[in-house]
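Got your viewer open? Let's take a walk through this one together, one selection at a time.

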Amino acid sequence: MLRAVRYLLGSPGASGFGSRSTAEEVTPDLGATTAIITGATSGIGAETARVLAKRGARVVIPARSAKAAEDVRARIVAECPGADVLVLPLDLSSLASVRAFADRFLALGLPLHLLINNAGKFSHGQLALSEDGVEMTFATNYLGHFLLTKLLAGRMAETAADTGVQGRIVNVSSSVHGWFAGDWAEYLHLVTRRKIPYDATQAYAVSKLANVLHTKELAARLQEMGANVTVNCVHPGIVRTRLNRDRDGVLTDLVFLLLSKLLKTIPQAAATTCYVAAHPRVAGVSGRYFADCNEALPSPAATDRHEAARLWRVSEAMIDGCTSTGQPQQDGPDTDTVTGRSFFVASSSSLLIEC
């Protein structure tokens, strides 16, 4: 109850910021910093890109739509004439596109200080699979970011070593991750094979749970390799949008009033991402979950180190599309001859998910 009251009032937490803080308020000057922000063509991502550019960072915007990305770039440059904003093509639902983006970026020879995995998709309607045979929400919200991070982590570690400036990775999740209870691998198997009805909310929750688990495992791996790079996860909050007020009346006005107190504006929703990506208070902090610019507790399922390690192994198998012997997997169940673990194919493709 106290937490809800603090949220409604926008009371600052230990960080000095709260639910009503804006991205500009929490972001210090960044100087010679390079940031990649996925999903920066609209909403929270676009605001994050605007604020980081305004604070002096070079911003790289990966996007499926070149026009949408160029529009955002033009708006940023119009506000900040000296802003350095690059646009590169990327479709996160395609593993081939993620690899091509990483190759293009690395070929530029630029440093990389910040990687903000912000892009998100909520699939309406029926089940859709990516070109790699993966449920589309999981492919876009999680698996594409897993591969992107894997391909760019080396450059981030090099940049941190060369400059002495700690690199930061931010995974944008959602409190909705706590809505899923069960075995995420079994769920993905069943829904991809159409053995259970497709539920867009469940699929979204699974992808956001994966974001939190990925953060936990990646933090441990970065520490083990001695990289001066941190990774944290954020819940941006529920964004205020235009509500349907076609029906006038006291009840509608009351509902609108109540919701307006719960929802955030875009600048407020981008605040936690910017805070975790840039604020000095977060230096050295890794593997944590943030909401309203303060550390918070994720769901119990998201704190399971075994499940985090399991997700990593599954993700590696999915992006490689091979068994431990390096041979493409055929459709149907099989067993890894090294670990003895059972695998199944996500669809008729060669991507695997560990059971």
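**Stop 1: a helical turn with two rings**

Select Tyr142 and Phe146: they sit 4 residues apart in helix H6 (residues 136–163), so about one helical turn separates them. Keep in mind as you look that this is a predicted model. Show the side chains of Tyr142 and Phe146, and you'll find that both residues are buried. Now look at the rings themselves. A pair of aromatic rings is described by the distance of the centres and the angle of the planes. For Tyr142 and Phe146 the centres are 5.9 Å apart and the planes are at 40 degrees, so this pair counts as tilted.

**Stop 2: across to another helix**

Keep Phe146 and add Trp312. How are the rings of Phe146 and Trp312 arranged? Their centres are 4.9 Å apart and their planes stand at 80 degrees, so this pair is edge-to-face. The pair links distant parts of the chain, with Phe146 in helix H6 and Trp312 in helix H12 (residues 305–320), 166 residues apart. Phe146 and Trp312 are both buried.

Next, add Phe138 to your selection. Phe138, Tyr142, Phe146 and Trp312 together form one aromatic cluster. If you feel like hunting for others, the structure holds 7 aromatic pairs.

**Stop 3: a charge over a ring**

Select Trp184 and Arg310. What sits over the ring of Trp184? You should see the charged end of Arg310 there, 5.0 Å from the ring's centre.

**Stop 4: the nonpolar cores**

Stay with Trp184 and add Phe101, Phe105, Phe138 and Leu152. These are the residues with the most contacts inside the largest nonpolar core, which has 62 residues. Colour the elements that give two or more residues to this core, including helix H5 (95–107), helix H7 (184–192) and strand S6 (229–235). Which element gives the largest share? That would be H8, with 12 residues; you'll find this helix at residues 200–224.

Zoom in on Phe105. Leaving aside neighbours within four places in sequence, Phe105 is in contact with several residues, among them Thr34, Val60, Leu88, Pro111, Leu152 and Arg155. Apart from this core lies another, of 39 residues; to get a feel for where, select some of its members, including Val26, Ala49, Val234 and Phe290.

**Stop 5: a small residue in H3**

Select Ala46, which lies in helix H3 (residues 43–54). Is Ala46 buried or exposed? With a relative accessible area of 14%, Ala46 is under the 20% cut-off, so it counts as buried. Not counting residues up to four places away in sequence, Ala46 touches Gly39, Ala40 and Thr41. Try your distance tool on the C-alpha atoms of Ala46 and Ile76: they are 9.2 Å apart, with the two positions 30 residues apart along the chain.

**Last stop: zoom out**

Show the whole chain and colour it by pLDDT. The chain averages 85, and 81% of the residues score at least 70. Now pick out residues 241–247, where pLDDT stays under 50 and the model has 5 contacts beyond four places in sequence. Over residues 322–355 the pLDDT is also below 50, and that stretch has 80 contacts in the model beyond near neighbours in sequence.

Switch to a cartoon view, and the chain shows 12 helices and 11 strands. Buried residues make up 53% of the 355 residues. Finally, turn on the surface: the accessible area comes to about 15900 Å², and 54% of that belongs to carbon and sulfur atoms.

Technical notes: Residues numbered from 1 in each chain as written. Heavy atoms only, no water. Phe/Tyr/Trp six-rings, centres within 6.5 Å; stacked < 30°, edge-to-face > 60°. Buried < 20%, exposed > 50% of the residue type's maximum accessible area, 1.4 Å probe, protein only. Lys NZ or Arg CZ within 6 Å of the ring centre and 35° of its normal. pLDDT = per-residue confidence, 0-100. Contact = heavy atoms within 4.5 Å. Areas by Shrake-Rupley, 256 points an atom, 1.4 Å probe, with all protein chains shown as cover. Core = buried A, V, L, I, M, F, W, Y, C linked by side-chain atoms within 4.5 Å.
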